[in-house]
Amino acid sequence: MHKILVLPGDGVGPEVTAVACDVLKAVAADNLELDIQQALIGGSAIDESGDPLPPATLDLARDADAILLGAVGGPKWENIDRAIRPERGLLKIRQELDLFSNLRPAILFPQLAAASSLHAPLVAGLDLMIVRELTGGIYFGHPRGIEVNEAGERRGFNTLEYTESEIRRIAHSAFQIAMQRDRRVVSVDKANVLECSELWREVMEDTAREYPDIALSHMYVDNAAMQLIREPKQFDVMVTTNLFGDILSDAAAMLTGSIGMLPSASLNEESRGLFEPIHGSAPTIAGQDRANPLATVLSVSMMFRYSLKRGDLADRIDQAVSAILDEGIRTEDIASADTITVGTREMGQRLVKKIQTSGGAKGGER
Ligand code: IPM
Ligand code: MG
């Protein structure tokens, strides 16, 4: 029996997690027993209780084998006290559960090559994994704040810091993932300017000695941003800090056609984790049945692969997504002249049907 906690959140979150839950149940069917619970996070939790991560949610999260999250935030909560903004809920759950290893794959489905902002040959076959450190760096460093300085001027400040052990554990994550791929890791930093990056680079090098089969190289973040757009297929695994990973993963997402396609996994030391699309709450299209649910569906696939250790069931989800794309079914963000545009819900119904007709009822047969 696996305990799954679903946190729909705000904006398009409830729509995309509803689809993903249907897919989750369809795949689980006779293969494994699930106990699915739901709780509040982000703006919807603030509306209910004044807290973006209520204690009840955190308790359920600690108890769950895996968490599926939609998205948090929206204009409604943009002007409230910084300490209780929706995003704080997300940052807090990442930190409380120690979900330091954030995997953000950027895979181009061949069917979507034309939807990429880059020329198709540059992205055809793209399969890159960004490993982002998620519970440290400038996102969490102290001191931080906005204060009035001696000259009477307001001054905003944050602290970028990494301890050696924080760097070492994300290095291990990246190298272990690379061992299952092409064994090439590019560590992205700003070691020409930042001391923190200097240490990052040193610890990466040192940890790599335990992985003689891994080819580790280093790249400054400005160059990495350029290389992602110039020749993205040069990368296999990219490992980087919290802030750089936030930025580079959005850029990488666009290479694949739409940010609506990209899932993510945030794992702790025991591979328990939280799974979420990287696209955010998209308030302008919320509640209109227009959001692409595939990033969340693919996040469920990552849940099966990385936390529940059922790669066979993950494969079934990935194959269903691919089959739907083969049929030319698209949400509007990835549609083109010769495809069929459907809404969020219909995309979900078609996926569920695909899974039910393709999968063996027992044991994850295909
Ligand atoms: C992401 C998001 C979050 C982040 C925000 C919503 C706090 O952009 O998951 O990439 O910056 O980590
Ligand atoms: Mg982001």
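**Exercise 1.** Find which backbone nitrogen the side chain of E15 reaches.

*Solution.* The side chain of E15 comes to 3.1 Å from the backbone nitrogen of D289, within the 3.5 Å allowed for a polar contact between N or O atoms, one able to donate a hydrogen and the other to accept it; residues adjacent in sequence count only if both atoms are side-chain atoms. The model is predicted: local features need pLDDT of at least 70, side-chain atom pairs count only at pLDDT 80 or more, and totals for chains, interfaces and linings use all residues. Residues are numbered from 1 along each chain as written, chains are lettered from A and ligands numbered from 1 in written order, and side-chain values use heavy atoms, without hydrogens and water.

**Exercise 2.** Locate E15 and state whether the residue is buried or exposed.

*Solution.* Begin with the element: E15 lies in helix 1, residues 13-28 (helices are DSSP runs of H or I, at least four residues; strands are runs of E, at least two; both numbered from the N terminus). Next, E15 is buried (under 20% relative accessible area, 1.4 Å probe, protein chains only). Last, E15 has no salt bridge (a side-chain nitrogen of Lys or Arg within 4 Å of a carboxyl oxygen of Asp or Glu); R345, the nearest side chain of opposite charge, is 6.0 Å away.

**Exercise 3.** Determine which strands stand at the edges of the sheet.

*Solution.* Write the order of the 10 strands in this open, mixed sheet: 2-1-3-12-11-4-5-10-8-9 (strands pair if DSSP finds at least two bridges between them). Strand 2 (34-38) and strand 9 (215-220) stand at the edges with a single partner strand each, so one side of each has no neighbour in the sheet.

Key. Buried < 20%, exposed > 50% of the residue type's maximum accessible area, 1.4 Å probe, protein only. Lys, Arg positive; Asp, Glu negative; His and termini not counted.
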